[in-house]
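Dear colleague,

I am passing on the structure we spoke about, and my notes follow directly below it. Please read them with the coordinates open.

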Amino acid sequence: MIDKNNRRLLNDVEHLRGAYINPTDDEEICQTGKIFPIVLVRYCHKSIVSNNKDNIFLQGGMIMHYYQTIILKDGRSCTLRNGTSQDGRAALNNFIITHMQTDFLLSYPDEITFNEKDEADYLQKKADSTNEIEILADIDGKIVATAGISCVGDKVKTRHRCEFGISIDKEYWGLGVGGALTRACIECAKKAGYSQMELDVVADNESAISLYKKAGFVEYGRNPNGFLSRVTGRQELLLMRLELEEV
Ligand SMILES: CC(C)(COP(=O)(O)OP(=O)(O)OC[C@H]1O[C@@H](n2cnc3c(N)ncnc32)[C@H](O)[C@@H]1OP(=O)(O)O)[C@@H](O)C(=O)NCCC(=O)NCCS
């Protein structure tokens, strides 16, 4: 239960599993015994918003967290949750693996300039952010994918736009992780107040483009010389955007 008097820190997302905010009393957590997707902020305060009993949304320029358990196409359970400093090593390993497996991402593994500590700091900064998040997919204790949103720029003219990125360990492609992570990030982007989500994708990356189109992204331009691959030379980039309605 949230302490009404001192609005204490909600450090452990596990405390909120199976709980929802009663729409009629925005300061009350009601136990229901059911697990819901959760977008939450660490501090409880008066601007808690709850649209329906399937989601917990606590808003108002506060820290944003995410927690959801999904069942994959092969029947396995997968937890989607925001990363923290404790995930530095696992997230770095995932970054290295995914960047070895495909030529569709921005960098090569030998270009990595950050270490485990840097990754831990990065994840904690995201966990403490009001408008950015990095969500990890955890299957049986292994981080198999990451996805996140970053603000394009904090100026008045750009702070309505966020950028989306995603990568999944090849061993786990085709199981529904990508779709679930994309939907989770869209949900968070709306809650953070963005009105536009953007991404660049290599024009040959058919599975990613299919995923983005299904999520509602539309192409708004192309950069024919966007990437210069060591393997294939020029890679054309599709520029895609998704308009987000207010929630
Ligand atoms: C692209 C990527 C994110 C898809 O993730 P995934 O977990 O395999 O996707 P899902 O299983 O959730 O499938 C979601 C949708 O993606 C598309 N998709 C996935 N695999 C596909 C394939 N082999 N062929 C065509 N479309 C495919 C489909 O539209 C699918 O929807 P459906 O399940 O209704 O058919 C994943 O392949 C990946 O990380 N690739 C390497 C990194 C990368 O390219 N990142 C994007 C950079 S812009």
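In β13, leucine 239 is the bridge partner of aspartate 200, and the two strands concerned, β11 and β13 (residues 233-243), pair in the antiparallel sense over seven bridges. Please keep in mind throughout that this is a predicted model.

On the pairing of β11 with β10, the sense is parallel and there are three bridges, with glutamate 198 in β11 serving as the bridge partner of glutamate 163. Between these two strands the chain passes through α3, and the resulting β-α-β crossover is right-handed.

The ligand is surrounded by 22 residues, of which Gly178, Gly179, Ser207, Ser210 and Leu211 are the closest. Two or more residues of this shell come from each of β10 (161-168), α3 (177-191), β11 (196-202) and α4 (206-215), and α4 contributes the most, namely six residues. By character, the shell around the ligand consists of 11 nonpolar, nine polar and two charged residues.

One backbone detail may deserve your attention when you go through the model. Which residue has a positive phi although it is not a glycine? It is aspartate 140, with a phi of about 50°, and this residue is found in the loop between β8 (133-139) and β9 (142-151). For context, most residues other than glycine have a negative phi. Aspartate 140 counts as exposed because 9 other C-beta atoms lie within 10 Å, where the cut-off for exposed is 12 or fewer.

With best regards

Technical notes. Residues are numbered from 1 along each chain as its sequence is written. This is a predicted model: local features need pLDDT of at least 70, side-chain atom pairs count only at pLDDT 80 or more; totals for chains, interfaces and linings use all residues. A residue is near a molecule or strand if its C-beta atom, placed from the backbone, lies within 6 Å of it. Helices (H or I, at least four residues) and strands (E, at least two) are DSSP runs, numbered from the N terminus. Ala, Val, Leu, Ile, Met, Phe, Trp, Tyr, Cys and Pro count as nonpolar, Asp, Glu, Lys and Arg as charged, and the others, Gly among them, as polar. Two strands pair if DSSP finds at least two bridges between them. A crossover is right-handed if, with the strands pointing away from the viewer, the path from the first strand over the helix to the second runs clockwise. A residue is buried if 20 or more other C-beta atoms lie within 10 Å of its own, exposed if 12 or fewer, and partly exposed in between; C-beta atoms are placed from the backbone.
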